[in-house]
Amino acid sequence: NLALLRAEQGRLEEAGALYERAREGKEAALGREHPSTLDTVGNLALLRAEQGRLEEAGARDGRARGGQGAALGREHPGARGAGAGRCLYATPHVVR
């Protein structure tokens, strides 16, 4: 996706704007708690962590993981994967 490409290029502000736009569109079309919407929220959490915006990253990560667990069930592989690796916001940098 374009947001991921921009992040890989180091264009983090542009990536953030693209993720926000995608999140808004998915919330409008699918709802706040749809797994696809929550995937985008999780991606935004990772980006915010990379930008050093740790408080926002943590809040978005919690929303994504909690929502995925509620939507899919706590034992569903997608719910476990929703937070896999996202604890990276606790470190000062994200390793790609």
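**Exercise 1. Place glutamate 56 and list its contacts.**

Step 1. Start with the helix: glutamate 56 is found in H4, residues 54–72. Helices here are DSSP runs of H or I with at least four residues, numbered from the N terminus. Keep in mind that this is a predicted model, in which local features need pLDDT of at least 70 and side-chain atom pairs count only at pLDDT 80 or more, while totals for chains, interfaces and linings use all residues. Residues are numbered from 1 along each chain as its sequence is written, and side-chain values use heavy atoms, with hydrogens and water left out.

Step 2. Next, accessibility. Glutamate 56 has 22% relative accessibility, so it counts as partly exposed. The scale runs from buried (under 20% relative accessible area) through partly exposed to exposed (over 50%), with a 1.4 Å probe and protein chains only.

Step 3. Now the contacts, meaning heavy atoms within 4.5 Å. Setting aside neighbours within four places in sequence, glutamate 56 touches Glu20 and Arg48. As for leucine 44, it sits twelve residues from glutamate 56 in sequence, and the C-alpha atoms of the two are 9.4 Å apart.

**Exercise 2. Find which face of helix H2 is buried.**

Step 1. Check the length. H2 covers residues 12–30, and its 19 residues reach 26 Å from first C-alpha to last, close to the 27 Å expected. The expected span is 1.5 Å times one less than the number of residues.

Step 2. Pick out the buried residues: Leu12, Ala15, Gly16, Tyr19, Glu20, Arg23 and Glu27. Viewed down the axis of H2, these fall within an arc of 135°, so they line one face of the helix. The arc is taken from the directions between the helix axis and the C-beta atoms.

Step 3. Recall the geometry: an α-helix has 3.6 residues a turn, so residues three or four places apart point the same way.

Step 4. Turn to the other side of H2, where Arg21, Ala28 and Ala29 are exposed. After the helix comes glycine 31, with a positive phi near 105°.

**Exercise 3. Describe helix H3 and the setting of threonine 40.**

Step 1. H3 spans residues 35–50; its 16 residues reach 23 Å between the first and last C-alpha, close to the 22 Å expected. Glycine 52, whose phi is positive and near 85°, follows H3.

Step 2. Many names appear on the buried list for H3, including Leu38, Val41, Leu44 and Arg48. Threonine 40 also lies in this helix, and its 5% relative accessibility is why it counts as buried.

Step 3. Beyond neighbours within four places in sequence, threonine 40 contacts Tyr19, Ala22, Arg23 and Lys26.

**Exercise 4. Trace the salt bridges.**

Step 1. Begin with the total: the whole structure has 13 salt bridges. Each one is a side-chain nitrogen of Lys or Arg within 4 Å of a carboxyl oxygen of Asp or Glu.

Step 2. Look at arginine 60 and glutamate 20, whose closest N and O atoms are 2.9 Å apart in a salt bridge. This pair links distant parts of the chain, with arginine 60 in H4 and glutamate 20 in H2, 40 residues apart. Both residues are buried.

Step 3. Compare a bridge within H2: arginine 23 meets glutamate 27 at 2.9 Å, N to O. About one helical turn separates arginine 23 from glutamate 27, because they are four residues apart in H2.

Step 4. Join them up. A network of salt bridges links Glu20, Arg23, Glu24, Glu27, Arg32, Arg48, Arg53, Glu56, Arg60 and Arg63.

Methods
Helices (H or I, at least four residues) and strands (E, at least two) are DSSP runs, numbered from the N terminus.
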